Amino acid sequence: MASAFYVVEGEVEVVHNFVDTDRFVPRDSAPWHRRKGGERVLVHASNFRPVKRVADVVRAFGAIQHQLPAKLLLVGDGPDREHALAVADDLGCGHRVEHLGVRDDLENVLPQADLFLSASQTESFGLSILEAMSCGVPCVSTDVGGVSEVVGDAGKLVPLGDPGAMARAAVEALSNPSD
């Protein structure tokens, strides 16, 4: 029997989760901040295009690191990398921001994080958010596109273009971890 989309029953394969949950897994070791004297590790991973608003992540981090000992790992590369790093320098937190570049081993970086940050202007679902969550890392993201369905109770959502709200949500999440 054909459907309205001309799909024959039994010929559709449902892909339930496209994140490799054998690759993106939590690590058994203690969270980074318990090993490094209370320093929190925040991660952002993207292709550093304007739509990813990496400078907003850095602005949020600028406020976060004034309240908690923290560092920000930026994973990826693209046209907005230099701008994001310049914003960090302008805010006086450039020494707390580390650009790791493009990595093929994100599954080794994410489990070391205490929090994942995403400030995207538009996002259908957020693959990097899913990968972070698969590693047991909570997320703070802008409430755009399908992100709210992805994040659910595993993080906090903030308005687009509000690094202050992102910083407040991050400090709350880092100050009151669920574990």
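User: Is R23 buried, partly exposed or exposed?

Analyst: Happy to help, and please keep in mind that this is a predicted model. The relative accessibility of R23 is 35%. Buried would need a value under 20% and exposed one over 50%, so R23 counts as partly exposed.

User: Which side chain meets R23 in a salt bridge?

Analyst: Good one to look up in the structure. The partner lies in helix α4 (residues 106–109), whereas R23 sits in the segment before α1 (32–35), and the two are 84 residues apart. At 14% relative accessibility, the partner counts as buried. The N to O distance is 2.8 Å, and the residue that R23 meets is E107.

User: Which residues are linked with D56 in a network of salt bridges?

Analyst: Let's take the pairs in turn. D56, buried with a relative accessible area of 9%, meets R53 in a salt bridge of 2.8 Å, N to O. D56 also meets R59 at 3.1 Å, and these two are about one helical turn apart because they are separated by 3 residues in helix α2. The residues linked with D56 in the network are therefore R53 and R59.

User: Are α2 and α3 roughly parallel or roughly antiparallel to each other?

Analyst: The axes of α2 (residues 54–67) and α3 (residues 81–90) come within 8 Å and cross at roughly 20°. Angles under 35 degrees count as roughly parallel, so α2 and α3 are roughly parallel.

User: Which residues of α3 are met by V54, A55, V58 and R59 in α2?

Analyst: This contact belongs to a right-handed crossing of α2 and α3. In α3, the residues met are H83, A84, V87 and A88.

Technical notes:
Residues numbered from 1 in each chain as written. Predicted model: local features only at pLDDT ≥ 70, side-chain atom pairs only at ≥ 80, totals over all residues. Heavy atoms only, no water. Axes fitted to C-alpha atoms, helices over the stretch in contact; angles between N-to-C directions. Helix = DSSP H or I, 4+ residues; strand = E, 2+ residues; numbered from the N terminus. Parallel < 35°, antiparallel > 145°, perpendicular 65-115°, else oblique. Left-handed = near helix turned anticlockwise from the far one by under 90°. Contact = heavy atoms within 4.5 Å. Salt bridge = Lys/Arg side-chain N within 4 Å of Asp/Glu carboxyl O. Buried < 20%, exposed > 50% of the residue type's maximum accessible area, 1.4 Å probe, protein only.
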